[in-house]
Amino acid sequence: MSLRNTLRRSLIALLATSALAATGAMAQTSPVPHHPRVNEVNKRVDTQQQRIDKGLANGTITGKQAARDEQHDANIAQRASADEARHNGHLTKKETRRLNRSENRNSRHIRKQRRH
C-alpha cells in the first residue's frame with residue numbers, strides 16, 4: 001500500500017471519528033444544519049485537500065510534504081468538529097477566525113512547496 005493511500009485512509013478515519021463524536025454530542029441539543037461558518041471552514045479544508053492531491057499528481061510536492069499538509073488539515077477539521085460540538089453545530093466568530101488563520105498558514109505552506 002502506498003504512502004498516499006495510507007495517509008488518505010488515516011485522514012478519512014480521523015475525520016469520520018471526529019464527525020461521529022461531534023454528531024453524538026450535537027444530537028442531544030438539536031443542531032442547526034449547514035451553519036454558514038461551519039460550511040466556510042469545511043469548504044476550505046476540502047479545497048486544500050484538492051490542492052494537495054493536485055500537487056502530488058503533477059509531482060510538485062512529495063508524499064512527505066503531502067502527509068504533513070494533510071495532517072495539518074486533519075487537525076483543523078478535528079478542532080472545528082470539537083468547536084461545533086460545544087456550540088450546538090455552530091462556530092463562533094472567534095473560532096472561525098482562529099481556524100481560518102490556521103488554514104491561511106497551511107495554504108501559504110502548500111503554495112511555497114509547489115514553487116520549489
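Start by selecting asparagine 88, which is partly exposed, with a relative accessible area of 33% (partly exposed lies between buried, under 20% relative accessible area, and exposed, over 50%, with a 1.4 Å probe and protein chains only). Asparagine 88 sits in the loop between H3 and H4 (helices are DSSP runs of H or I, at least four residues, and strands are runs of E, at least two, numbered from the N terminus). Its phi is near 55°, a positive value in a residue other than glycine. The position comes just after H3.

This is a predicted model, in which local features need pLDDT of at least 70 and side-chain atom pairs count only at pLDDT 80 or more, while totals for chains, interfaces and linings use all residues. Residues are numbered from 1 along each chain as its sequence is written, and side-chain values use heavy atoms, with hydrogens and water left out.

**The whole chain**

Zoom out and show the cartoon. The protein chain has four helices and zero strands, in the order α-α-α-α along the sequence. Of its 116 residues, 34% count as buried. Contacts (heavy atoms within 4.5 Å) can be sorted by sequence separation: among those between residues at least 6 apart, 75% join residues at least 24 apart. The chain exposes about 7,200 Å², of which carbon and sulfur atoms supply 55% (Shrake-Rupley method, 1.4 Å probe).

**Colour by confidence**

Colour by pLDDT, the predictor's confidence in each residue, from 0 to 100. The mean over the protein chain is 80, and 76% of the residues reach 70 or more. Which helix has the lowest confidence, and which the highest? Helix H1 (residues 3-27) is lowest, at a mean of 63, and helix H3 (residues 63-86) is highest, at 91. Now select residues 27-32: pLDDT stays under 50 there, and the model has seven contacts beyond four places in sequence for this stretch. Where pLDDT is low, the predicted coordinates should not be read in detail.

**Helix H2 and the loop after it**

Select residues 36-58. This is H2, with 23 residues and a reach of 33 Å from first C-alpha to last, close to the 33 Å expected at 1.5 Å a residue (the expected span is 1.5 Å times one less than the number of residues). Its buried residues are Val38, Val41, Val45, Gln48, Gln49, Ile52, Asp53, Gly55 and Leu56.

Step on to glycine 59, in the loop between H2 and H3. Glycine 59 takes a positive phi of about 80° just after H2. Is this glycine buried or exposed? Glycine 59 counts as exposed because its relative accessible area is 58%. Add arginine 114 to the selection: the two C-alpha atoms are separated by 8.9 Å, although the residues are 55 apart along the chain.

**The nonpolar cores**

Show side chains for Val38, Val41, Val45, Ile76, Ala80, Leu91 and Leu99. These seven residues make up the largest nonpolar core (a set of buried Ala, Val, Leu, Ile, Met, Phe, Trp, Tyr and Cys residues joined through side-chain atoms within 4.5 Å). H2 and H3 are the elements that give two or more residues to this core, and the largest share, three residues, comes from H2. Centre on valine 41: beyond four places in sequence, valine 41 touches Ala80, Leu91, Thr96 and Leu99. Apart from this core lies another, of five residues, among them Leu56, Ile61, Ala66 and Ile110.

**Helix H3**

Select H3. The helix has 24 residues and reaches 34 Å from first C-alpha to last, close to the 34 Å expected at 1.5 Å a residue. Its buried residues include Ala66, Ala67, Asp69, Glu70, Asp73, Ala74 and Ile76. Asparagine 75 also belongs to H3, and is partly exposed, with a relative accessible area of 35%.

**Serine 102**

Finish at serine 102, in helix H4 (residues 93-115). Serine 102 counts as buried because its relative accessibility is 10%. What does serine 102 touch, not counting residues up to four places away in sequence? Its partners there are Ile76 and Arg79. With arginine 79 there is a side-chain polar contact of 2.8 Å (a pair of N or O atoms within 3.5 Å; within protein, one must be able to donate a hydrogen and the other to accept it, and residues adjacent in sequence count only if both atoms are side-chain atoms). For a last distance, pick the C-alpha atoms of asparagine 75 and serine 102: they are separated by 9.7 Å, with the residues 27 apart along the chain.
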